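This report looks at how helices pack within one chain and how two chains meet. The structure comes first, then the description.

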Amino acid sequence: MAALSPVAAAASSSRSRSLQLLGIFSGLTAGAWLGAAEAPTKLVTLGLSPMVISLVMVAGVFLARWSLPALILGTSSVRADAGRAPHLVLWAILAGFLWAVANTLTVYAIRDIGLSIAFPLWNSNSLLGILWGFLFFNELRGAGLARWLGVLGGTLVMCVGAAILAIASSGVHAAGANPTHGVLAALGAGVLWGTMYIPYRKAYVSGMNPLSFVTFFTIGEVGMMCALSFSTLGAQRLLAQLQSARGVIFWLMLGGFIWVIGDLFQQYAAKYIGISRGIPLSNTNQLWGLLWGVLVFGELHGRSATAHLQVIGGSLLMIAGVGAIIFSSTTARESSQWRVAAQREATRYGLSSDFVAARLDGRQSAGESAPSRTLLDWFLVALATAVFVYFAAIAEIPRIGGDWRPAALIALISLVLLTSCGVHLWRVTRFQ
Amino acid sequence: MSGKDSVSARNLVTCVLTDVQFWVPVAVLAAGLLLLEWIR
């Protein structure tokens, strides 16, 4: 490769810094919105099966994953991405399968060992993400000891902080029927989620747009969730539960919609700072979920001083871990290793090197037509809106009490993050 | 994408089936489904 001129090298370094800041910003915004997704589900107090709650949320997710990409870039852009790298559609669907099976395993883990033990076990997924990122995509290669310690140490500290928060917020759990099953289910969910990041990173080092990836991801996600729900509950019981849940379907689907907004930012974080840094940063969703729970729904009301201290300590540990990861940004040497991994994918699957390099740099490649929306895109947006409006019209007003002043404040902060990060993404990458 | 870069459908299948990044998620998914079946 020819050496860059000093001006070109400075521009490349400045672009790299800009993309890294964007990745960090995306990871933190993802945390806020993934955490906010818990709020609508807290309004649902009916005795529904967790499988039904997950299935309805995934229905909201499906609508969002088809309508948002159509609105932002247009389905023609999604089609073009799939045409350039058709093999990635398979990986996206595979990732959706992995997510759905992991999500179902958590239901059994919580039932058998409770959230406080199950959560730290499946939260290990970010550590597995670091391993896969290193092995398959050259993440942290040539990063140096300080950055290794920052990323790995920061992630470990975040896991400990998250475990303390889970213990503080989950209360006492009565022993389930089979604790061994619960432990295995929680560990299994962690391995499945951690492995799901392989398709994420593979798609992004190959140049696929995150908006295209999630459109195919959701086919696997909703397909596997439907199959698991039918096989667990049976068609009759499932339909009966869905019928009885008519009044709360809107709130669950809204939770799914908000979750997708967070997930989209997580995808951009995984693209621009890799899975080893992007996934732990977006795992700050637990802090935001706790903020909603404590300030809006009074979940710590009447709890002991120990529980309050655990919440403060766990939160501080998570913030310290986030700081360590933020200050362990990618070096030029590590970035060049990422490009080696991208080139390897390009060679293997016959992708244009220029295209892959441009997309890795958050740009469109030369000759690539600008994304545009068609009638089909507006139809998809209108259809998703109509479904939400219908379920909103038949939704029951939640009977659960909440303090809506902090809710308004947290929602405002989340909206400011969404707007500023969205505008930044548009300015720097045009959502590439 | 240039013609030189394009991979035929048969080659694409071979590329996928010989890619360890395909088999690791597939193996984990299969193990996850077996685990789920066992604990249900």
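In this predicted model, helix α3(A) passes α12(A) in a right-handed crossing. Two packed helices are described by the angle between their axes and the distance between the axes. For α3(A) and α12(A), which spans residues 249–282 of chain A, the axes come within 7 Å and cross at roughly 50°. Oblique is therefore the term for how α3(A) lies to α12(A).

The residues that make this contact are set out by helix.

| Helix | Residues in the contact |
|---|---|
| α3(A) | A:I53, A:V56, A:M57, A:V58, A:A59, A:G60, A:V61, A:A64, A:R65, A:L68 |
| α12(A) | A:I249, A:L252, A:M253, A:L254, A:G255, A:G256, A:F257, A:W259, A:V260, A:L264 |

Sorted by class, the contact of α3(A) with α12(A) has 16 nonpolar, three polar and one charged residues.

Helix α3(A), residues 50–72, also takes part in covering a second helix, α4(A). Which residues of α4(A), residues 75–84 of chain A, are buried? They are A:T75, A:S77, A:V78, A:D81 and A:R84. Besides α3(A), the cover over these buried residues includes α10 (210–233), α16 (353–360) and α17 (375–393) of chain A.

Chain B has two helices and zero strands. Of its 40 residues, 15% count as buried.

How many residues of chain B are in contact with chain A? There are 20, and they meet 30 residues of chain A. On the chain B side, the elements that give two or more residues are α1 (9–17) and α2 (20–39). The largest share, 11 residues, comes from α2(B). By class, the side of chain B that touches chain A divides into 14 nonpolar, four polar and two charged residues.

Confidence is the last topic. The predictor gives the complex an ipTM of 0.88 and a pTM of 0.90. For chain B, the mean pLDDT is 85, and 82% of the residues reach 70 or more. Where in chain B does pLDDT stay under 50? It does so over residues 1–5 of chain B, for which the model has nine contacts beyond four places in sequence. Where pLDDT is low, the predicted coordinates should not be read in detail.

How values were computed: Residues numbered from 1 in each chain as written. Chains lettered and ligands numbered in written order. Predicted model: local features only at pLDDT ≥ 70, side-chain atom pairs only at ≥ 80, totals over all residues. Contact = placed C-beta atoms within 7 Å. Helix = DSSP H or I, 4+ residues; strand = E, 2+ residues; numbered from the N terminus. Nonpolar A, V, L, I, M, F, W, Y, C, P; charged D, E, K, R; others polar. Buried ≥ 20, exposed ≤ 12 C-beta atoms within 10 Å, placed from the backbone. Axes fitted to C-alpha atoms, helices over the stretch in contact; angles between N-to-C directions. Parallel < 35°, antiparallel > 145°, perpendicular 65-115°, else oblique. Left-handed = near helix turned anticlockwise from the far one by under 90°. pLDDT = per-residue confidence, 0-100.
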